[in-house]
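Me: I am new to this structure and would like to learn how to read it. Could you walk me through some of its features, one at a time?

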Amino acid sequence: MQNSSGKKLMNLFDLTFMAMGGIIGAGIFSSVGEGIGVTGRSITLALIVGMVFQMSQQVRYVFTSSMFKVSGGMYSQDALVLTPYLTGVAGLMLFINALNWAVYGISIASYIGDLFPVLKNFPELTAAVALAIFFVIGYIGVSAFTKVLNAFGILKFVALGLFIFYGITKVQAGGFEGEPYFYGGTADFFTAIALMSFACGGATKIMNVQALCENPKRDIPKAWLISQLVVVVIYALLGYVASGVAPYDQVANQNLGAIGGMFMPIAVTGFFVVGGALLSISTSLLSSIPGTPLTVMGMADDGWLPKIFKNRLFVFILLYIINLIPIFLGFSLSELISMLLVPTMIITAIKNYRGMKMPEMYPEEWANCSIKCSIGLFKALLAISIVTSLITSAFSLRNLTMTQAIGTVIMTILVFVYPKIRMGSGKVKIVSTTDMDKEEAAAK
C-alpha cells in the first residue's frame, strides 16, 4: 500500500524489523560489559528482567498507539495525558537525554582502541573527535550516508549471531572457581537490571512512524510484542556467552569486541567490531543527532527555552559541548547511564500514573482500541510500570558516587523547577496535536 505521495507504507514485517533494530542498537554494544562488572554471570538474568522492566514501562505507548493515530509520535502521545507543565518537564528531559551521545562516544573510543591499540592512550580525545564527526554530518544533513548505514543494519544481527555461535561452546557452564552467580549480591543485581534496561529500550521508535503505516493501530502493538520476545532470547544467549567464556576479572567492564576476541577468529572479531559495534553505534548517532536539535528548537518555539535555542547551529554546538563534559570528566559508561536513568525513570513513572486515566479521558477511543483489555488490567499494568520505573531510578542512583548522586538529584530537581519558572513568565505557548484519524474524517 502507498500513501498520497506514492511512498510505500510500512507493514507488520517492516515495523517488527524496525523495532528489533531499535532495541538491538548502540546500547547493547555499550553496556553489557559494564553490567557484567556489576553482577557477573547473572547478567543473563539481568538482561531478561531488564527487558521485562522496559516492556512494562512502554506499555502505555502501546495502548495509546492502538487508540490514536498522531503525527507527533511519542511527544504527542505524552501530551494526550500530561498537563502543559508536565509536557514541558518531559520535553526538557528529551533535551537532557541527548547526553547519551557521550555514552556512545566513550563506547566508540573503546572499540576503536581495540582496532588501533595506540589510541587506547587517548580515549577522551578519540571520543571527542568521533562525536565531532557525527555532529558535523548531522548538521550538514548527509542523508545518503545515513541511508547507507541503515541499509547495513542487518550486519549487527549477523555480528551478534556470530558472537553467540562461536562463543556458546566455549562457555564454562559450571562457572569459574570463587565466582558466585550473583556476583556482588542482590543489590548489585538490581543495579545491573537498571543498567541493562538502557540496552533493552528502543522498540518505542515505531511509535513515531504512525503516519507511515498501513494499519498502525493494529500493527504497531503486534510488532512491539514480537520484537521484544525475539530480542530477549538473543540477549539471554548474548549474556550467557559474554559472561561465561572467561573468569570475571577478564570480562568485567570489557566491551563485547574485547570479549569476542577471546574466542572468535581475528577476521570475525574485526567484522564484529566494525560491522556490528561501530556500525550500530554510528547508525544510532546518525538517526538521533539530526532530529534532537529540531525537538529543542520546537521547545524554543513553544517558549520552554530562550529564543537563541531557535538557532540550529547554536543548538548543535551546545549539545556537542555538553556531551564533552562527562567524557573529559572521566565518567564511566555505567555512571553516565545511571545519571540519565534517574530522572528519566521518575518522569516515566509520572507519565504512566497520568496514563491510568486514559480510559476515562478518552472513552470512545478506549472502546475502539485494537487491544481488548479490561480497565482494571490496564491500570494494573501501568501500576507495575510505575514500580519498575522507580526501582530502576533508585538502583541507578545507588550506582553513583556521593558527588555524582548529589549532582544527579540537583539535575532532576531542575528538570521539574525550570518549566514551572518558564510557565510563570508567560512565555510558554503550547501547541496541541490532534488525532489524525479525526482530522482525515473531518476533511472528507
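Me: Let's start with the aromatic rings. How many aromatic pairs does a search of the whole structure find?

Reply: The search finds 20 aromatic pairs. Please keep in mind that this is a predicted model.

Me: How do I read one of them? For instance, what kind of pair do Phe-68 and Tyr-362 form?

Reply: Look at the distance between the ring centres and at the angle between the planes; planes over 60 degrees apart count as edge-to-face. For Phe-68 and Tyr-362 the centres are 4.9 Å apart and the planes stand at 85°, so this pair is edge-to-face.

Me: Where in the chain do these two rings come from?

Reply: From distant parts of the chain, 294 residues apart. Phe-68 is in the loop between helix H3 (43-67) and helix H4 (73-79), while Tyr-362 is in the loop between helix H18 (358-361) and helix H19 (363-367).

Me: Is Phe-68 buried or exposed? And Tyr-362, buried or exposed?

Reply: The dividing value to remember is that buried means under 20% relative accessible area. Phe-68 has 3%, so Phe-68 is buried. Tyr-362 has 19%, so Tyr-362 is buried too.

Me: Let me try another pair. What is the geometry of Tyr-139 and Phe-316?

Reply: Their ring centres lie 5.2 Å apart with the planes at 80°, so this pair is edge-to-face. It also links distant parts of the chain: Tyr-139 belongs to helix H7 (residues 123-140) and Phe-316 to helix H16 (residues 312-328), with their positions 177 residues apart. Tyr-139 is partly exposed at 32% relative accessible area, whereas Phe-316 is buried at 3%.

Me: Which residues do ring pairs link into a cluster?

Reply: The cluster is made of Trp-101, Phe-135, Tyr-139, Phe-316 and Tyr-320. You have already met Tyr-139 and Phe-316 as a pair.

Me: Rings can also have a charge over them. Which charged end sits over the ring of Tyr-85?

Reply: That of Lys-420, 4.3 Å from the ring centre. Likewise, the charged end of Arg-60 sits over the ring of Tyr-61, at 4.5 Å from its centre.

Me: Now for the helices. What describes two packed helices?

Reply: The angle between their axes and the distance between the axes. Here, helix H5 (residues 84-96) packs with helix H17 (residues 333-355) at an angle of about 150°, and their axes are 11 Å apart. That angle makes H5 roughly antiparallel to H17. Their crossing is left-handed.

Me: Which residues make the contact?

Reply: On H5 they are Leu-86, Val-89, Ala-90, Met-93 and Ile-96. On H17 they include Leu-340, Pro-343, Ile-347 and Lys-351.

Me: Is Lys-351 buried or exposed?

Reply: Lys-351 counts as buried, at 12% relative accessibility. Leaving aside neighbours within four places in sequence, Lys-351 is in contact with Arg-60, Tyr-61, Asp-78, Val-81, Leu-82 and Ala-90. So the Arg-60 and Tyr-61 of the charge-over-ring case turn up again here.

Me: What does Pro-419 touch?

Reply: Not counting residues up to four places away in sequence, Pro-419 touches Tyr-85, Gly-88, Val-89, Leu-92, Trp-304 and Leu-414. Pro-419 sits in helix H21 and is buried, with a relative accessible area of 1%. Val-409 is also found in helix H21 (residues 402-424), but Val-409 is partly exposed at 36%.

Definitions and conventions:
Residues are numbered from 1 along each chain as its sequence is written. This is a predicted model: local features need pLDDT of at least 70, side-chain atom pairs count only at pLDDT 80 or more; totals for chains, interfaces and linings use all residues. Side-chain values use heavy atoms; hydrogens and water are left out. Rings of Phe, Tyr and Trp (its six-membered ring) pair if their centres lie within 6.5 Å; planes under 30 degrees apart count as stacked, over 60 as edge-to-face and the rest as tilted. Helices (H or I, at least four residues) and strands (E, at least two) are DSSP runs, numbered from the N terminus. Buried means under 20% relative accessible area, exposed over 50%, partly exposed in between (1.4 Å probe, protein chains only). A charge sits over a ring if NZ of Lys or CZ of Arg is within 6 Å of the ring centre and within 35 degrees of the ring normal. Axes are lines fitted to C-alpha atoms, for helices over the stretch in contact, and angles run from 0 to 180 degrees between N-to-C directions. Angles under 35 degrees count as roughly parallel, over 145 as roughly antiparallel, 65 to 115 as roughly perpendicular and the rest as oblique. A crossing is left-handed if the near helix is turned anticlockwise from the far one by less than a right angle, and right-handed if clockwise. Contact means heavy atoms within 4.5 Å.
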